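Work through the exercises below with the sequence and the model open. Each task is followed by a solution in steps.

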Amino acid sequence: MKRFEYKVPGGKLLCAKVKTEDKNISFIQFTGDFFLLPETDLEDLENQLIGAITDEDMIQKKIVDFFNDRATVIAGAKPEDFAYVLNNALK
Amino acid sequence: MRFLDLKVNDAYTNMATDEALTKARGEGKSPDTLRFYRWNPSAVTLGYFQSVEDEVDLVAMKRYGVDLNRRISGGGAVLNSAEGEITYSIIMDENDPRISSDPTESYRYLCHGIIEGLGILGIEAEFKPINDIIVGPRKISGNAQIRRYGAVLHHGTILVDFDAKQMFSVLKISDEKISDKLIQQAEERVTTIRKVLDRQVSFEEVRAAMEKGFAKALGVELECGDLSEYEKELVAHYREKYASREWRFRR
């Protein structure tokens, strides 16, 4: 399991824990003290990322598009921060 | 607004009660409610998205007899100590015009009762976005909100006293987490009512000040009430979830 932790400046702590198999994500969990409504959106995002190819740009697009489509309300972090911690955890 | 006066429960009953009130309010079966509560035994309450292994020292918790608890709302881990804290919750209709859809504004509005209450005690405090109330540079109250079932649940802590040794034995604080904080020393980032006033303030004095503070801030009359039979049924139902290992160790 690889992990990357990041304190969003002026915001909250965000951590990604990830496992891969043949360049595909096999496990992903975001944790931290951020706020996200509705809470179930995060589990949905994690489920959608399972099997995704570990390409930095594709992950960034997938995460940002997901939160925008859902109009998820996030406080203490931005959609880009979730992509940032995941991409760094994958490095 | 209904007022459920200060009661002491274990962590799982406390969390189940907040969810029960939210559910019943959303269904239109309960009025808007302000609730005060305390904890016995003490508990570490994790935010919804936090990881057990990253946030707490389970061995130290066992040594101190502190329960592991997880709440329905986001935010950070807190030690809800039996001897040092009053917790409050506010449950209102999600469509109440007083509550902004903007998170910072709805926190600011619902946190105002604490600021008024602290003012009655002679403490000048202010709201610090996203979810803190501070006295000078130090946090005295942390707050969290969710919207579910058609209702808003806003709950938070009021630090009355604190045992720094216990708090920082059970909570893990990573270097990354405090990388942008002005005060690096953990004990110096929080304060308490007793510390600020430098005297033995009783729970009753804090409770009475907060009751007045919320009535003023929300512009309501508080009417003492009790849980309905339906709410009690919901509490029993949700308590099983909060006490379960599956819920508490979900992240």
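**Exercise 1. Backbone outliers in loops**

Task: Locate Tyr149(B) in this predicted model, give its phi, and decide whether the residue is buried, partly exposed or exposed.

Solution.
- Step 1. Tyr149(B) is found in the loop between S9 and S10 of chain B.
- Step 2. Its phi is positive, about 60 degrees, although the residue is not a glycine. Most residues other than glycine have a negative phi.
- Step 3. The loop belongs to the hairpin of S9(B) and S10(B), with two residues between the strands.
- Step 4. Tyr149(B) has 16 C-beta neighbours inside 10 Å, so it counts as partly exposed. The limits are 20 or more for buried and 12 or fewer for exposed.

Task: Do the same for Asp198(B): which loop holds this residue, and is it buried or exposed?

Solution.
- Step 1. Asp198(B) lies between helix H7 (193–197) and helix H8 (203–218) of chain B, in the loop.
- Step 2. Phi is near 55 degrees, again a positive value in a residue other than glycine.
- Step 3. Asp198(B) counts as exposed because it has 7 C-beta neighbours inside 10 Å.

**Exercise 2. Cis peptide bonds**

Task: Where in chain B do Pro41(B) and Ile130(B) lie, and what is the omega of the peptide bond that leads to Pro41(B) and to Ile130(B)?

Solution.
- Step 1. Pro41(B) sits in the loop between strand S2 (33–39) and strand S3 (43–46) of chain B. The bond from Asn40(B) to Pro41(B) is cis, and its omega is near 0 degrees.
- Step 2. Ile130(B) sits in the loop between strand S7 (126–128) and strand S8 (132–135) of chain B. The bond from Pro129(B) to Ile130(B) is cis as well, with omega near 15 degrees.
- Step 3. For background, most peptide bonds are trans.

**Exercise 3. The surroundings of S10(B)**

Task: Establish which strands pair with S10(B) and how its two faces are covered.

Solution.
- Step 1. Strand S6 (residues 85–93) of chain B pairs with S10(B) in the antiparallel sense, over nine bridges. Within this pair, Met92(B) has Val152(B) as its bridge partner.
- Step 2. Strand S9 (residues 138–148) of chain B is also antiparallel to S10(B), over six bridges. Here Ile146(B) stands opposite Leu153(B).
- Step 3. In a regular strand the side chains alternate between the two faces of the sheet. On one side of S10(B) are Ala151(B), Leu153(B), His155(B), Thr157(B) and Leu159(B), and on the other Val152(B), His154(B), Gly156(B) and Ile158(B); all are buried.
- Step 4. The count agrees: nine of the nine residues of strand S10 (residues 151–159) of chain B are buried.

**Exercise 4. The whole sheet**

Task: Place S10(B) in its sheet and explain why S7 and S11 of chain B are edge strands.

Solution.
- Step 1. The sheet is open, has eight strands and mixed pairing, and runs in the order S7-S8-S9-S10-S6-S2-S1-S11 (chain B).
- Step 2. S7 and strand S11 (223–224) of chain B each have a single partner strand, so one side of each lacks a neighbour in the sheet.
- Step 3. At the S11(B) edge, strand S1 (residues 2–9) of chain B pairs with S11(B) in the parallel sense over two bridges. Arg2(B) stands opposite Glu223(B) there.

**Exercise 5. Dimensions of chain B**

Task: Compare the radius of gyration of chain B with that of a compact globule of 251 residues.

Solution.
- Step 1. The globule would have a radius of gyration near 18 Å; chain B has 17 Å, which agrees.
- Step 2. The C-alpha atoms fill a box of roughly 45 × 45 × 35 Å along the principal axes.
- Step 3. Of the 251 residues in chain B, 46% are buried.

**Exercise 6. The contact between the chains**

Task: Describe the side of chain A that touches chain B by element and by residue class.

Solution.
- Step 1. There are 21 residues of chain A in contact with 19 residues of chain B.
- Step 2. S3(A) gives the most to the chain A side, with four residues.
- Step 3. By class, that side has twelve nonpolar, five polar and four charged residues.
- Step 4. As to confidence, the predictor gives the complex an ipTM of 0.94 and a pTM of 0.93.

Technical notes
Residues are numbered from 1 along each chain as its sequence is written. Chains are lettered from A and ligands numbered from 1 in the order in which they are written. This is a predicted model: local features need pLDDT of at least 70, side-chain atom pairs count only at pLDDT 80 or more; totals for chains, interfaces and linings use all residues. Two residues are in contact if their C-beta atoms, placed from the backbone, lie within 7 Å. Ala, Val, Leu, Ile, Met, Phe, Trp, Tyr, Cys and Pro count as nonpolar, Asp, Glu, Lys and Arg as charged, and the others, Gly among them, as polar. Two strands pair if DSSP finds at least two bridges between them. The radius of gyration is taken over C-alpha atoms; the globule rule is 2.2 Å times the number of residues to the power 0.38.
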